[in-house]
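This briefing sets out the overall make-up of one protein chain, its enclosed space and two of its residues. The sequence and the structure are shown first.

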Amino acid sequence: MQVNGTLMNSYFYCKRQCYLLGNRLNLQDDSEQIKIGREIHKQLAEGKKNTEIVIDNIRLDELTKDYAIEIKKSDAGAEGARWQLLFYLSILKSKGIVRKGKLEFLEVHENGKKTEVIELTRKKEKELKQHIEEIEALLESNEVPECTCKNSCDRCSYYEYCSI
């Protein structure tokens, strides 16, 4: 399977989840968190242009003249979200579309959302290439990574699979 934004994000969250997704063991996830995320994206897209842009194997939440924007419900998986957006910026750059990235975390502070601006530097490009190679090696492996058993596992669609 070709590396995509979802795999990049999950790699930083849980390597086991990344492996299972990448090897097409997709479990139905109708959790409350997923439903909320879908509804947030639906509401944010109403009446806007350039939302949910699909280019090759990426799905951008929004593309403006200055930014590629990724919207997340919370900053719980911020590191993975940053690398997901850097991955998107790299794909866009390969198509001649150079943008900065903007991560918007909606449920972070009492005063509203938290926003981070991200740039694809040469150093980040080099690190990204390394992460892509690591993910490809992980997906080609014949061994499922061990369960990490984090506090957030009970919200994962693989929770029951991993707790067997």
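The chain of this predicted model contains six helices and five strands. Read from the N terminus, its elements follow the order α-α-α-β-β-β-α-β-β-α-α. The points below are grouped by topic, from the whole chain to single residues.

**Chain as a whole**

- The chain has 164 residues, and 37% of them count as buried.
- Among contacts in the chain with a separation of 6 or more, 66% are between residues 24 or more positions apart.
- The area exposed by the chain is about 10,300 Å², of which carbon and sulfur atoms supply 46%.

**Enclosed space**

- Rolling a probe the size of a water molecule over the atoms shows where empty space is left.
- The count gives one cavity of 30 Å³ or more.
- The volume of the largest cavity is about 120 Å³.
- Its lining is made up of 14 residues, and those nearest the centre of the cavity are Cys14, Thr148, Cys153, Cys156 and Cys162.
- Helix H2 (15-22) and helix H6 (159-162) are the elements that each give two or more residues to this lining.
- Sorted by class, the lining of the largest cavity comprises nine nonpolar, three polar and two charged residues.

**Ser10**

- Ser10 is located in helix H1.
- The relative accessible area of Ser10 is 4%; because the limit for a buried residue is under 20%, Ser10 is classed as buried.
- The side chain of Ser10 comes to 3.2 Å from the backbone oxygen of Leu7.
- When neighbours within four places in sequence are left aside, Ser10 is in contact with Lys15, Gln17, Cys18 and Leu21.

**Thr6**

- Thr6 also belongs to helix H1, which covers residues 5-13.
- With a relative accessible area of 48%, Thr6 is partly exposed, whereas Ser10 in this helix is buried.
- Outside its neighbours within four places in sequence, Thr6 is in contact with Leu21 and Gln84; Leu21 is also one of the residues in contact with Ser10.
- Thr6 and Ala81 are 75 residues apart along the chain, and their C-alpha atoms are separated by 9.1 Å.

Methods: Residues numbered from 1 in each chain as written. Predicted model: local features only at pLDDT ≥ 70, side-chain atom pairs only at ≥ 80, totals over all residues. Heavy atoms only, no water. Helix = DSSP H or I, 4+ residues; strand = E, 2+ residues; numbered from the N terminus. Buried < 20%, exposed > 50% of the residue type's maximum accessible area, 1.4 Å probe, protein only. Contact = heavy atoms within 4.5 Å. 1 Å grid on protein atoms, 1.4 Å probe; cavity = no way out; pocket = protein on both sides within 12 Å on 5 of 7 lines; lining within 4 Å. Points joined across faces, edges and corners; volume = space filled by probe spheres on them. Nonpolar A, V, L, I, M, F, W, Y, C, P; charged D, E, K, R; others polar. Polar contact = N/O pair within 3.5 Å; in protein donor to acceptor, adjacent residues only side chain to side chain. Areas by Shrake-Rupley, 256 points an atom, 1.4 Å probe, with all protein chains shown as cover.
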